[in-house]
Amino acid sequence: MSRSIDPLDIRLGRLIRARRRAAGWSQAALGRRIGVSFQQVQKYESGANRVSAATLHALAAAFEVPTASFFDGLSGPAAAAPARDLAAELLCVPGGAELAEAFLAIRSPRVRSRLLALAGEIAGTAGAARRASA
């Protein structure tokens, strides 16, 4: 029997991946820190496997953050359908962190705007990119 992946499990997985990458750790390195295999870390990050309370506590200790920080921003109806976290998504894709660093290093608002328009054209969202830069 297959279960559908809960949006909260996906959100938690993305947060784990973003924190792991920010720490510069591989999945294997994180797995060693919390006592699981790298395959298990993969499953946590994809949301395929739920993170137990004990594992969440181990993750918080490894990242040196309070356990409650994994639930920041969640309350009431918003918890059932968490908003899309674009920053976390960007950090989770290969090259995302490097792209963000490069974009932030651009000092010229005009160049940033032109780069945003180019990215929008490439992605097929040029109208959204123009509205965002306005």
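1. In this predicted model, Leu-99 is exposed, because its relative accessible area is 53% and the exposed class begins over 50%. The residue belongs to helix H7, which spans residues 96-105.

2. Leu-99 does not stand alone on the surface: together with Leu-90 and Val-93 it forms a nonpolar patch. The accessible area of these three residues together is about 240 Å².

3. The interior presents another picture, beginning with the largest nonpolar core, which has 16 residues. Ile-16, Leu-30, Val-51, Leu-59 and Phe-70 are the members with the most contacts inside this core. Helices H1, H2, H3 and H4 each supply at least two of the core residues. The largest share comes from H4, with 5 residues.

4. Leu-59 merits separate mention. When neighbours within four places in sequence are left aside, Leu-59 is in contact with Ile-16, Leu-30, Ile-34, Val-51 and Phe-70.

5. Helix H2 covers residues 27-34, and its buried positions are Gln-27, Ala-29, Leu-30, Gly-31 and Ile-34. The cover over these buried residues includes helix H1 (7-23), helix H3 (38-46) and helix H4 (53-63). Two of the buried H2 residues, Leu-30 and Ile-34, are also contacts of Leu-59.

6. The backbone immediately following H2 should also be noted. There, Gly-35 adopts a positive phi of about 80 degrees.

Note on methods
Residues are numbered from 1 along each chain as its sequence is written. This is a predicted model: local features need pLDDT of at least 70, side-chain atom pairs count only at pLDDT 80 or more; totals for chains, interfaces and linings use all residues. Side-chain values use heavy atoms; hydrogens and water are left out. Buried means under 20% relative accessible area, exposed over 50%, partly exposed in between (1.4 Å probe, protein chains only). Helices (H or I, at least four residues) and strands (E, at least two) are DSSP runs, numbered from the N terminus. Contact means heavy atoms within 4.5 Å. A nonpolar core is a set of buried Ala, Val, Leu, Ile, Met, Phe, Trp, Tyr and Cys residues joined through side-chain atoms within 4.5 Å. Patches are made of residues with over 30% relative accessible area and no salt bridge: like charges are joined within 9 Å, nonpolar side chains (Val, Leu, Ile, Met, Phe, Trp, Tyr) within 5 Å. Accessible areas come from the Shrake-Rupley method with a 1.4 Å probe; for residues, only the protein chains shown count as cover. A salt bridge is a side-chain nitrogen of Lys or Arg within 4 Å of a carboxyl oxygen of Asp or Glu.
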